[in-house]
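Here is a walk through one protein chain for a reader who has not met it before. Please keep the sequence and the structure in view while reading.

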Amino acid sequence: MLIRQVPFDHPDAVKLNDQVQAEYHVRYGDGGDATPLDPADFDPPNGIYLIAYDESDRPVATGGWRSQDKNDEGNEDGDAELKRMYVVEEMRGRGLARRMLAALEQDARAAGRIRMVLETGTKQPEAIALYTSCGYEPCAKFGYYRFHAESLCYAKAL
């Protein structure tokens with residue numbers, strides 16, 4: 001697997017984002033994640049967007065982080081918010097998400113962020129298992145879905 005930094009609006013990123021949004025719709029029936037995202041949110045040094053490619057140069061996993069500081073949505077100074085973690089279905093169970101998460105954490109730490117935060121949901125048990133096994137702990141809700149009952153938020157010191 002080769003991990004490449006790409007813009008959030010790169011064609012491969014758009015393709016994988018469409019796939020993850022479709023999966024969110026199947027799980028939650030709400031059309032996908034409505035959190036506002038701007039491609040510039042992922043521009044270094046305030047964020048990064050990564051895609052993992054297989055040996056055939058096919059995009060198979062994605063993820064990014066964006067800087068967040070204290071705001072009205074519950075973030076704290078120094079937060080790096082994890083976004084759009086996704087592995088295509090046929091490549092799951094091979095450690096790709098774990099490798100992507102480690103690369104994102106390393107980059108956020110190098111950028112001076114002090115805490116990685118993420119929002120997931122009750123209908124994503126695989127995500128919950130990944131994050132908790134990587135040292136993430138429940139935290140106060142933040143972000144767009146902070147008032148939704150199915151929302152779960154996690155954090156890890158970097």
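**From one helix to the whole chain**

The buried residues of helix α3 pack against β4, α2, β5 and β7, and this set of contacts makes a convenient place to begin in what is a predicted model. Helix α3 spans residues 125–133, and its buried residues include Ala127, Ile128, Leu130 and Tyr131. Because these residues cover an arc of only 165° around the axis, they are found on the same side of α3. A general point about helices helps here: an α-helix has 3.6 residues a turn, so residues three or four places apart point the same way. Just after α3, the chain passes through glycine 135, which takes a positive phi of about 95°.

Several of the partners of α3 belong to a sheet, and the sheet is the next thing to trace. It is an open sheet of 7 strands in the order β1-β2-β3-β4-β5-β7-β6, and its pairing is mixed. The edges are taken by β1 (2–5) and β6 (137–138), each of which has a single partner strand, so one side of each is left without a neighbour in the sheet. At one of these edges, β6 pairs with β7 (residues 151–157) in the antiparallel sense over 2 bridges, and within that pairing glutamate 137 has alanine 155 of β7 as its bridge partner.

Further into the order of strands, β4 shows both senses of pairing. With β3 the sense is antiparallel, over 7 bridges, and glutamine 68 stands opposite aspartate 79 of β4. With β5 the sense is parallel, over 3 bridges, and here alanine 80 has methionine 116 of β5 as its bridge partner. Strand β4 is also mostly covered, since 9 of its 9 residues are buried, that is, under 20% relative accessible area.

Two more helices meet strands of the chain. Helix α2 (residues 96–110) lies across β1, β2, β3, β4, β5 and β7, and runs at about 30° to β3. Strand β4, which is among the strands that α2 lies across, also brings us to the nonpolar core.

The largest nonpolar core has 38 residues, and those that touch the most other members are Leu82, Met85, Leu104, Met116, Tyr131 and Tyr136. Two or more residues of this core come from each of α1, β2, β3, β4, α2, β5 and α3, while the largest share, 6 residues, is given by β2. As a general matter, nonpolar side chains in soluble globular proteins tend to be buried together. Methionine 85 shows how such contacts spread: leaving aside neighbours within four places in sequence, methionine 85 is in contact with Val20, Tyr24, Thr62, Gly63, Ala97, Met100, Leu101, Leu104, Leu130 and Tyr131.

Charged residues add another set of links. The count of salt bridges comes to 17. In one of them, arginine 84 and aspartate 33 are joined, with their closest N and O atoms 2.8 Å apart; this pair links distant parts of the chain, for arginine 84 is in strand β4 and aspartate 33 in the loop between α1 and β2, 51 residues apart. Both arginine 84 and aspartate 33 are buried, and both belong to a network of salt bridges that links Asp33, Asp41, Arg66, Glu81, Lys83 and Arg84. In another salt bridge, arginine 58 pairs with aspartate 54, the closest N and O atoms being 3.2 Å apart. Arginine 58 is partly exposed, at a relative accessible area of 31%, whereas aspartate 54, at 12%, counts as buried.

What does glutamate 105, a residue of helix α2, form a salt bridge with? The partner is lysine 156, and the closest N and O atoms are 3.4 Å apart. Because glutamate 105 lies in helix α2 and lysine 156 in strand β7, the pair ties together parts that are 51 residues apart in sequence. Is glutamate 105 buried or exposed? With a relative accessible area of 8%, glutamate 105 is buried, and, not counting residues up to four places away in sequence, glutamate 105 touches Met116, Tyr136, Lys156 and Leu158. Among these contacts, Met116 and Tyr136 were already named with the core residues that touch the most other members.

Methods:
Residues numbered from 1 in each chain as written. Predicted model: local features only at pLDDT ≥ 70, side-chain atom pairs only at ≥ 80, totals over all residues. Heavy atoms only, no water. Pairing = 2+ DSSP bridges. Helix = DSSP H or I, 4+ residues; strand = E, 2+ residues; numbered from the N terminus. Contact = heavy atoms within 4.5 Å. Axes fitted to C-alpha atoms, helices over the stretch in contact; angles between N-to-C directions. Buried < 20%, exposed > 50% of the residue type's maximum accessible area, 1.4 Å probe, protein only. Arc of directions from axis to C-beta. Salt bridge = Lys/Arg side-chain N within 4 Å of Asp/Glu carboxyl O. Core = buried A, V, L, I, M, F, W, Y, C linked by side-chain atoms within 4.5 Å.
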